[in-house]
Amino acid sequence: MNNFVEIKNLEKSFGEQKVLKGINIEIKQGEIVTIIGSSGSGKSTLLRCINLLETPTAGTIEFKGENILDKGYNLPQYRAHVGMVFQQFNLFENHNVLKNCTVGQVKVLKRSEEEAQKIALENLEKVGMAEFAYARPSQLSGGQKQRVAIARAISMDPDVMLFDEPTSALDPEMVGEVLNIMSDLTKTGLTMIIVTHEMKFAQEVSDRVIFMDQGVVAEEGAPDKLFTKPKEERTKEFLQRILE
């Protein structure tokens with residue numbers, strides 16, 4: 001299996017502050033990788049660099065063997081292949097649910113309105129939100145908004161899905177419904193990179209878990225090994241703190 005996404009020596013600074021310090025990660029097609037770590041360890045910045053919401057200060061990000069940071073690389077096309085689900089949903093408040101799920105398809109993928117609606121409705125059905133197709137985001141709960149955001153992202157037929165702490169802004173009773181949808185998605189063969197603090201979920205769905213600490217990859221491994229027999233002292237300390 002070739003590496004689908006390969007991150008080499010990635011660095012990101014904001015002014016004097018170095019947030020990512022030489023990150024190296026290889027992700028295979030269809031792999032489910034979760035990234036865990038304390039707040040401020042650089043997890044979200046890493047995701048934002050992968051989909052170029054932030055421009056890396058140094059290093060390379062290869063997608064299917066090509067460096068997306070090269071001059072002349074087709075960035076709009078790359079962005080169309082990478083779906084992202086945010087903490088705060090990022091839905092268009094002035095559009096109804098269906099329109100939220102079709103606008104990108106029509107603009108970026110050049111699908112007809114009719115085809116885009118058909119795909120959007122199928123995906124809203126998958127996440128249990130088809131009946132809310134004509135509701136506005138303001139009429140939905142946090143959990144419902146996040147399910148719409150997932151439907152919107154998968155309607156773009158992405159090759160890779162990035163999830164940036166998708167449950168952190170939700171009320172506790174809403175968390176389960178979003179994790180269930182994500183859990184179903186992990187069975188579809190989609191490549192997924194998930195930043196999460198839901199340890200049980202990470203343990204159950206991941207092929208591999210990456211523990212980040214202070215801007216570096218401190219440890220990575222299969223979930224059963226990393227959660228039960230972490231090698232690094234700082235991984236042990238983090239897990240003890242979070243699993244207590």
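Select Val82 and Val160: Val82 stands opposite Val160 in strand E7. Strands (E, at least two residues) and helices (H or I, at least four) are DSSP runs, numbered from the N terminus. The model in the viewer is predicted, so local features need pLDDT of at least 70 and side-chain atom pairs count only at pLDDT 80 or more, while totals for chains, interfaces and linings use all residues. Residues are numbered from 1 along each chain as its sequence is written, and side-chain values use heavy atoms, with hydrogens and water left out.

**Stop 1: strand E7 and its partners**

Display E6 and E7 together. These strands pair in the parallel sense over four bridges; two strands pair if DSSP finds at least two bridges between them. Strands of a sheet pair through backbone hydrogen bonds, either parallel or antiparallel. Next, add strand E8 (residues 191-195), which pairs with E7 in the parallel sense over five bridges. Within this pairing, Met161 stands opposite Met192 in E8.

Now show helix H6 as well. E7, H6 and E8 make a right-handed β-α-β unit. A crossover is right-handed if, with the strands pointing away from the viewer, the path from the first strand over the helix to the second runs clockwise.

Which way do the residues of E7 point? Val160, Leu162 and Asp164 point one way, Met161 and Phe163 point the other way, and all are buried. Buried means under 20% relative accessible area, exposed means over 50%, and partly exposed lies in between (1.4 Å probe, protein chains only). Five of the five residues of E7 are buried, so the strand is largely enclosed by the rest of the structure.

**Stop 2: helix H5**

Select residues 142-154, which form helix H5. The expected span of a helix is 1.5 Å times one less than its number of residues. For the 13 residues of H5 this gives 18 Å, and the end C-alpha atoms are 19 Å apart, which agrees.

Why is H5 described as largely enclosed by the rest of the structure? Twelve of its 13 residues are buried, so the description follows. Among the buried residues are Gly143, Val148, Ile150 and Ile154. The cover over the buried residues of H5 includes strand E6 (82-85), helix H3 (97-107), helix H4 (113-126), strand E7 (160-164) and helix H6 (172-185).

Then pick out Gln144, which is found in helix H5. At 15% relative accessibility, Gln144 counts as buried. Leaving aside neighbours within four places in sequence, Gln144 is in contact (heavy atoms within 4.5 Å) with Met129, Phe132 and Glu177. The side chain of Gln144 also reaches the backbone nitrogen of Ser141 at 2.8 Å.

**Stop 3: Ser155**

Move to Ser155, in the loop between H5 and E7. Ser155 is buried, with a relative accessible area of 0%. Which side chain does the side chain of Ser155 join in a polar contact of 3.1 Å? The partner is Asn123. A polar contact is a pair of N or O atoms within 3.5 Å; within protein, one must be able to donate a hydrogen and the other to accept it, and residues adjacent in sequence count only if both atoms are side-chain atoms. Not counting residues up to four places away in sequence, Ser155 touches several residues, including Cys101, Gln105, Leu109 and Arg111.

**Stop 4: helix H3 and the cysteines**

Select H3 next. Eight of its eleven residues are buried, so H3 is largely enclosed by the rest of the structure. What covers the buried residues of H3 includes H4 and H5. At the start of H3, a side-chain oxygen of Asn96 reaches to within 3.2 Å of the backbone nitrogen of Leu98.

Cys101 is one of the buried residues of H3, with a relative accessible area of 2%. Cys49 is also buried, at 0%. The structure holds zero disulfides, a disulfide being a pair of cysteine sulfur atoms within 2.5 Å.

**Stop 5: the open sheet**

Display E1, E2, E4 and E5. Four strands form an open sheet in the order E2-E1-E4-E5, with antiparallel pairing. Strand E2 (17-28) and strand E5 (66-67) stand at the edges, each with a single partner strand, so one side of each is left without a neighbour in the sheet. Strand E1 (residues 3-14) and E2 pair over nine bridges, and Leu10 stands opposite Ile23 in E2.

**Stop 6: Arg234**

Finish at Arg234 in helix H9 (residues 233-243). Is Arg234 buried or partly exposed? Arg234 is partly exposed, with a relative accessible area of 34%. A polar contact of 3.0 Å joins the side chains of Arg234 and Asp213.
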